[in-house]
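Dear colleague,

Please find the structure below for your records. My notes on it follow directly after.

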Amino acid sequence: MMEWLSHAIMPLTIAYIVGFGFLSGRPVFHDFLDGAKDGMKTVAEIFPTLLGLMTAVGVLRASGFLDALGGWLTVPAGWLHIPAPLVPVTLVRMVSNSAAIGLVLDIFRQYGPDSQLGLTASVLMSCTETVFYCISIYFGSVKIKKTRYVLPGALLATAAGVAASIWLTSGLS
Amino acid sequence: MILIGVIWGTMNGSLDSVTQGVLDSAKDTVALGLTLLGVMSFWCGVLKVGERAGLIDWLSGKLGPLLDFLFPGLGRTHPARRPIAVNIVANILGLGMAATPAGLEAMKAMAEDCEPQAGSGGAASNAMCTFLILNISSLQLIPINMIAYRSQYGSAAPTAVLGPALAATACSTLAAVVFCKVMELWTMRRRRAGR
């Protein structure tokens with residue numbers, strides 16, 4: 001049931017919106033085209049921001065800095081009861097979704113998805129977001145430079161998510 | 001970030017992989033941009049259909065009290081309210097790709113408020129901060145893709161994470177809301193003290 005629902009939610013939402021449009025007698029395809037044009041414009045606007053950010057992250061990862069940072073943080077993370085393999089996941093999660101998924105799949109392969117680590121990693125991925133990616137896309141699109149308290153707030157929310165996922169899955173496996 | 005990367009690469013003699021990193025991520029960005037172009041355009045189209053059919057007005061009406069609480073700076077008729085409502089609902093349903101276009105639209109509408117106060121030098125408003133932090137705190141109820149990955153890797157109970165994920169998401173979102181409210185109060189008090 002759950003699996004079916006998770007696969008069905010996207011098509012159902014689309015069908016619902018389009019069906020609603022038909023029933024209220026709108027020229028649905030015409031409306032769709034107008035929206036799609038706006039969408040293309042938006043992507044063109046955020047692309048340079050995206051390029052800059054992705055390249056910077058790529059450089060940081062390729063230089064091995066993130067791995068080193070993960071290594072340094074392992075000891076303080078231990079004090080907070082964060083398992084060592086989750087440190088890089090948490091770090092990478094904040095900059096790139098696909099890279100973080102890659103790391104989590106490594107954990108699944110190595111420890112199994114039903115292991116303590118596998119469970120914690122799954123929950124961690126579900127309750128956190130790509131902090132830096134979001135900030136640069138959203139603020140980049142409207143040319144905001146002073147982000148004020150967004151970063152501390154975002155990091156706090158992420159920390160709360162990480163803490164909750166470790167605490168909630170302890171003793172679950 | 002680029003500077004840290006290059007300096008670190010020089011120190012560790014991994015500059016060749018840094019070069020490769022630049023080229024690879026530039027290439028990846030184009031691939032991501034193309035995906036984004038397709039999916040975003042499609043969702044913007046679908047959302048426009050919903051908007052013109054009045055579905056989105058209905059939705060933002062339903063979410064009215066919640067929006068009043070989260071964004072006291074945005075009045076009932078503010079143009080950002082509708083895209084914010086869409087963004088929140090799309091996030092909750094896990095339609096991330098539908099949430100982004102609505103989110104960007106909401107940002108644009110909120111940024112227009114900032115224009116009159118020239119000299120603010122592109123500073124984010126309280127509403128913008130709240131909105132972004134809320135987005136980052138993750139609102140998704142069902143972690144669809146994680147469940148899919150788990151079953152792909154032979155989990156005996158792929159959906160076992162549903163409960164904890166829901167609770168953890170609630171924790172991070174709660175932390176985000178409390179933080180935003182505290183900051184809002186704090187900036188208000190400071191502004192009053194300044195005048």
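Is B:Ser138 buried or exposed? The model is a predicted one, and in it B:Ser138 has a relative accessible area of 3%. Since a residue counts as buried under 20%, B:Ser138 is therefore buried.

**The surroundings of B:Ser138**

In chain B, helix 7 (126–136) and helix 8 (144–152) are joined by a loop, and B:Ser138 has its place in that loop. Its side chain reaches into contact with the other chain: the backbone oxygen of A:Ser126 lies at 3.1 Å from the side chain of B:Ser138. Leaving aside residues up to four places away in sequence, B:Ser138 touches A:Ser126, A:Cys127, A:Thr128 and A:Glu129 from chain A, together with B:Thr169, B:Ser172 and B:Thr173 from chain B. A:Ser126 thus appears both among the residues touched and as the owner of the backbone oxygen that the serine side chain reaches.

**Salt bridges**

Over all chains, the structure holds 11 salt bridges. Several of them are described here.

In chain A, A:Asp106 and A:Arg109 form a salt bridge, with 2.9 Å between the closest N and O atoms. Both residues belong to helix 5 (residues 97–111) of chain A, where they are 3 residues apart, about one turn of the helix. A:Arg109 counts as exposed because its relative accessibility is 55%, whereas A:Asp106, at 36%, counts as partly exposed.

In chain B, B:Asp68 takes part in a salt bridge with B:Arg76, and the closest N and O atoms of this pair are 2.5 Å apart. B:Arg76 is exposed, with a relative accessibility of 57%. B:Asp68 also meets B:Arg81 in a salt bridge, at 3.0 Å from N to O. This second pair links distant parts of the chain, as B:Asp68 lies in helix 4 (residues 64–70) of chain B and B:Arg81 in helix 5 (residues 81–93) of chain B, 13 residues apart. As for accessibility, B:Asp68 is partly exposed at 30%, while B:Arg81 is buried at 6%.

Finally, salt bridges with shared partners bring A:Arg26, A:Asp31, A:Asp34 and B:Arg52 together in one network.

In looking through the model, you may wish to begin with the loop that holds B:Ser138 and then turn to the salt bridges of B:Asp68 with B:Arg76 and with B:Arg81.

With kind regards

Methods: Residues numbered from 1 in each chain as written. Chains lettered and ligands numbered in written order. Predicted model: local features only at pLDDT ≥ 70, side-chain atom pairs only at ≥ 80, totals over all residues. Heavy atoms only, no water. Helix = DSSP H or I, 4+ residues; strand = E, 2+ residues; numbered from the N terminus. Buried < 20%, exposed > 50% of the residue type's maximum accessible area, 1.4 Å probe, protein only. Polar contact = N/O pair within 3.5 Å; in protein donor to acceptor, adjacent residues only side chain to side chain. Contact = heavy atoms within 4.5 Å. Salt bridge = Lys/Arg side-chain N within 4 Å of Asp/Glu carboxyl O.
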